Every structure is written in C-alpha cells, then in structure tokens.
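Me: Please take a close look at a single part of this model. I would like the contact between the two domains of one chain, and then whatever else helps to place it.

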Amino acid sequence: MNEPQIEFERITKRYNNTIAVDDISLSISAGEFVAIMGSSGCGKTTTLRMLAGLEVPTDGEIRLDGKRLNELKPHERETPMVWQSLALFPFLNVQKNVEFGLKTRGISPDMRKERAKKWLEKLEIADLSERRIDQLSGGQRQRVALARALVTEPPVLLLDEPLSALDANLIVRMQSVLSRLQRDLGITFVYVTHSQSEAFAMADRVVIMSKGKIEQVGTPQDVFRRPASRFVAEFVGSNNIISGTVKSIDKDILELETSFGAVFSQVSNNANYRTGNALDVVISADRINLSTTDLAGNNVFQCRIVSEQFVGSIVSLLLELENGQEFRVQKQQHELDRINLQSGQTLWLSWSTNHAYILDSSSNN
Amino acid sequence: MIKKVDTYALTWRFPLIIWQLLFFVGPLVFMISITFFLVKNYRMTEAFEMKNWIKMLTRGYFWDAYAYTLWLATLSTVITSCIAFPASYALSFKVSETTRRWAIFFLIIPFFTSYLVRTFSWYVVLAESGVFNSLIGEIGLGPYKILNTQVGTIIGYLTFCLPLVIILQTLSLANVDRNLIEAAYNLGAGWARTLLTVIVPSAKVGLIIGAVFCFILSYGDFVSPYYLGGSKPPTLSILIIDTTKSGQQWPRAAVVAVMMMSTLMIVAFAAILAAYRKPR
C-alpha cells in the first residue's frame, strides 16, 4: 500500500469523565472509501468530527498528507463534510449554497459561478440552481450538499450518516451515486454510518467501532466472513454464534463440544488450540443448508421451524434444535421452493466444516 | 356543500374578537372621527371638517417633532440592538443552558417595577451632583450635563428596551441550528464571516422583532423624553400632551396620534415583511 493520506495515531477524546474515543489508530490511503460503522455512541461521529476539526482530540495526533492537523481550526482544513441533517443554508438558494465554500476562499464571482455550474451539472441538479432549499426533495438536497462540499475539489470528503433521512429506495439510488462519484473523482471518502448495508455496499474498507475502540478494520468480506471478535460477529448480524469447548484436534479438524452435540470446524495448521479451551464458532446464516431428510455426517442437526420471514427474494428462518438452541438461516426463495417446507415440519440443518469460522479466543472477553 | 359553522372554534375566538373590537378597532375609529371634530369655547363639538388636519400638517413644529421622534426611535433601536447583540451572542453560544435560563430570569426582573420608578431612579445617578458625576469627578472629569439632554432620553429608552431586546435576540440566536454554524466553519468561513453570513441571517426574525419592539416602545414613549430629556425639543407624545393641555385641543392631538399610529403600522408591517421574506 502507498503512503497513508489520513492517519489517526493513538487518538483519544475525553469529555469530562466520559471517553468518546479511546486510543484508536487508523490509516487511510488516498482514494479509499472507508466506512466507520457502529451503534450510536460508539465514537464514530466523534472520530469524523476530529478529522474535520470540529472536535479537538485530547491525546494523539491526526495527520493529513503527513501534516499534523490537531491545531488547525476547522476553516483552515480541506476536509468538507456532509451532515446527517445536510446543514444546507435555508436563507441561500442552491447556487449560493454551492458557492459558499468558494466565496470563503476569495474566489472571484465569475470563477465561482463557473465552478458551481460544473458541480451542479455533475450532480444533475443544474436546473435547480435558482431554487430555495425548501423547494427541494430529499434526494435533491442530498445532491446540493454533495455539490457544496465537493466544489472546492478537496482531497477528502467526510460524510456523517448522510442517507439516514432518506426513504429506502432513495438510499439505494444515492448509494450508487456516491459510489460512482467516489470512483470518478478518485478522492478519499470517509463515511460514518450505523447501517451495515450502506457500509458494505459502498466501502472498500470497513472500520467497526464499539465503546470508543476499533473492533475490526477490513474489507466488507473480511468483516462479514471473518469477524475479529464476538462483538463484530453479533453486530454484523445474521450470524450464528456457537460456544463450546475444544474436545479434540485431528490434523486440521477441530471438534467442539457444545450444548447440542459435537461441532466440527476446519482450522489452519498453525492455529494454536488446546483441548479444553473455550471457543466461539461463527456460522453465517447463508452458509447453512436445509434438508427434509437426515443426512449422515458431521454438523447435521435435527430442528424445527419457529418462524419465517419473507424479505423480497430472501427468506429468513428461525430454527430451533431439540435442546432449544436457535439457528438463523437465510435462503433464497427459490431454494426453499425446492424443499417445499411446511410450518412445524422437521428439518435437518447442516454446514460444511470450512464454513464454520472460529473466533479468536483472545478477543472473546 | 354548505359550510358548517364551527361553533366550538367560534366560542374560543369570541373573546379575542370582542377584545379587539372594544379596545382596538373601537377606539381607533373613535380617534379618527375625533380628528374631524371642532373645539368651540373649550368644548368639543361633533363635526366633519378637515381643519385640524390642515392646522397640524401645515405647521413646522409638527414636522420637527415628527422628524425628531423618528430620529430618536431609530437611534434608540440601533444603539439598543448593538448593545444587546454581544450580550445575546454570549448568552446563546458561550454559556451553559442553566446560565442562560438564569440570565433570562434576571432580564425579566426589571419589568417587576414600574418603568416610571426606574426612570426617576436615574435622577440620582445622572444629576449634575449625582453618583455618576461625583465618581468621574474623582478622576478629574466632568461634571457632565446628562439630564434634560438627548443622551438622557436615550438612557431612558435603553432602560426600557434593553432587557426585552436581549431576551428576544437570545431566544432566536439560541435556536440557530448549530450544524449550520459548523458547516460554515467547515466550508472555510472564519468567525466573523460565519457571524455575518450564517448566524445573523439564521436569527434574522428574532433580531428584527427585537428591533421593532425597541422602535415601537421608544417611538411612543412619553416618560423618557419628558423626564430625562427635558421635553425639549418635544417628541410626538409630548406634543399630544401639550396640545390637549392648551385649550382642550383633543381633535388636534388625535391628528398627531393617528399620524403616530400610521407610522408605526408601516414600520411594523415593513419589518415583519423583511423578517419573513423568502430568499430569492
């Protein structure tokens, strides 16, 4: 990887007695789309605001292109932000909103007009330039906010849950607008969200935060398939987390003793597990197979359907083993048509040994 | 479709309508009709003549008083708003919510006592042998004549209007969306530019309403120009008193009052229009 563009080095933010951000370090390369994700109060917005200079870190150093940012006032930085509320100026029309950042930089009126026009066209809202903000729809406002932030052609764009006020289908549309924009411009996007689907849909890398600390940094696939901790596995959702103790290790197959029987998982050869260790195993809901007949083999368990949730082409099932252990399963609708399930029916669920991911036990506490 | 009369809504509106008719529309109509009456042998008699209007509006002293009142009220509005703004800004952005609440409470307290009493208490401070002059006399300055001058009048207006204007300004500044202020900083605006191009336009309604109140109160006030300003030159309210005292000229005083009312109406209407004007 090339030189990092943005660096957080051991950043801590304390308010009186509470710690909002607790000693985090993070490097972001130029041109990356990074999503910082977590539930509310996890410190993700504070992290973003420190980059914009709207909060001052208590400890540590923030750098942009190797230059220390800590002491720079917000207006001395090139880190425009798109707010959750969008924060468009209601007393200015679209054109003047977009020109605001150019005006503060002392750019001539002709030049301002030209550059504002260019960005309004790029965001396909050129015909709205004379409108008032209260005459725009949610999606249009979104585009104005983006144009206003991007018109100064910054190296970085910060986004603080910009889509959370939109309705579902508009969110999907704006996601593709944002993705395309980021690819076309080649600038860095730092995107804060609580929505897993937004983060996974757009980001090159996802940062998962909890209680002011970074839980995991990785590609969406990494985070989804190989969660670094139980917290991440639970946060990413649609995972089944099984706890047990190691019974035996035979070459690369680990046998786990659980409350409902023996579970087998593949492990890499260099892994250091000992018999008697407590472990958590994660099986994604979409990795579980269903069958109406008992299949011989490992990781096969009899269960019954507790509930069924139909979400478009995907069906979410809640299954229960004989001992009460619950499993979440996601299947395509057409896959389920094949097994023709009826409610209350007895089924067998199974998963292959290489689809059970063992959580790093050191991060379980 | 027949429009049904909503008796419930009407019942609740009724007192307001009655009140407006009895105490605003009624007296206004009465006052306007008086302007056409005549005074004969110190007694008002019903008539419909333009004499009073011609008499007042062709006199230089009326227009002098009119211009002077307008000037004093404008000066008071500008000075009060300018003194109030830093205080309101500090109360809105620089202190905790608890402090703001206490400050607003203390700003209401002056209204507990009569404005007249507060005005008279200035005598003690502002007289030539008063507190102020003896204090600055200690450092070899003064004494200055403050009572019975324009400065005295403005001090009176400030006593009257400043707490109210600070309250109105603070309420609107405190409600300015903090995100807008941050967005301005974020887009490269320094403190002064943010104040002028974002905070002031955002709080425009409250700032204008505050100024309008100050203008209206100063414009119609009788106490300050009379007791602190020495009533020379006279303002319109002093002119009304003088006119009624000299020969029972109620109709001519009514002309002055109607002129005052119309001026205030125009100013208030224009100000509200400006406050709620949509951006182009």
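Reply: Domain 1 and domain 2 of chain A bury about 1,600 Å² between them, and carbon and sulfur atoms carry 54% of that area. Buried area here is the accessible area (1.4 Å probe) that two parts lose on being put together, summed over both. Three residues stand out on the domain 1 side. A:Arg225, A:Pro227 and A:Arg230 supply 45% of the area that domain 1 of chain A buries against domain 2 of chain A, more than any other three residues.

The model is predicted, with local features needing pLDDT of at least 70 and side-chain atom pairs counting only at pLDDT 80 or more, while totals for chains, interfaces and linings use all residues. Residues are numbered from 1 along each chain as its sequence is written, chains are lettered from A and ligands numbered from 1 in the order in which they are written, and side-chain values use heavy atoms, with hydrogens and water left out.

Now the domains themselves. In chain A, domain 1 covers 4-231 and domain 2 covers 232-363; such bounds come from an automatic or database domain assignment. Taken over C-alpha atoms, the centres of the two domains of chain A are 38 Å apart. Domain 1 of chain A brings 18 residues to the contact and domain 2 of chain A brings 19, where contact means heavy atoms within 4.5 Å.

Next, the polar side of this contact. Between domain 1 and domain 2 of chain A there are 3 salt bridges (a side-chain nitrogen of Lys or Arg within 4 Å of a carboxyl oxygen of Asp or Glu). One of the salt bridges in the model pairs A:Arg230 with A:Asp280, at 3.0 Å from N to O. A:Arg230 is also one of the three residues named above for buried area. Across the interface of these two domains of chain A, 13 residue pairs are in polar contact, both residues at pLDDT 80 or more. A polar contact is a pair of N or O atoms within 3.5 Å; within protein, one must be able to donate a hydrogen and the other to accept it, and residues adjacent in sequence count only if both atoms are side-chain atoms.

Which elements form the domain 1 side of chain A that touches domain 2? Helix H6 (196-202), strand S10 (213-218), helix H7 (220-225) and helix H8 (230-236) of chain A each supply at least two residues. H7(A) gives the most, with 3 residues. Helices (H or I, at least four residues) and strands (E, at least two) are DSSP runs, numbered from the N terminus. By class, this side of domain 1 of chain A has 8 nonpolar, 6 polar and 4 charged residues. Ala, Val, Leu, Ile, Met, Phe, Trp, Tyr, Cys and Pro count as nonpolar, Asp, Glu, Lys and Arg as charged, and the others, Gly among them, as polar.

Set beside this is the contact of chain A with chain B. Here 27 residues of chain A touch 19 residues of chain B. The area buried between the chains is about 2,000 Å², with 60% from carbon and sulfur atoms. The two chains share 2 salt bridges. B:Lys278 and A:Asp134 meet in a salt bridge through their side chains, at 3.3 Å from N to O. Helix H1 (44-52), helix H2 (94-104) and helix H4 (138-150) of chain A each give at least two residues to the side that touches chain B. H2(A) gives the largest share, 5 residues.
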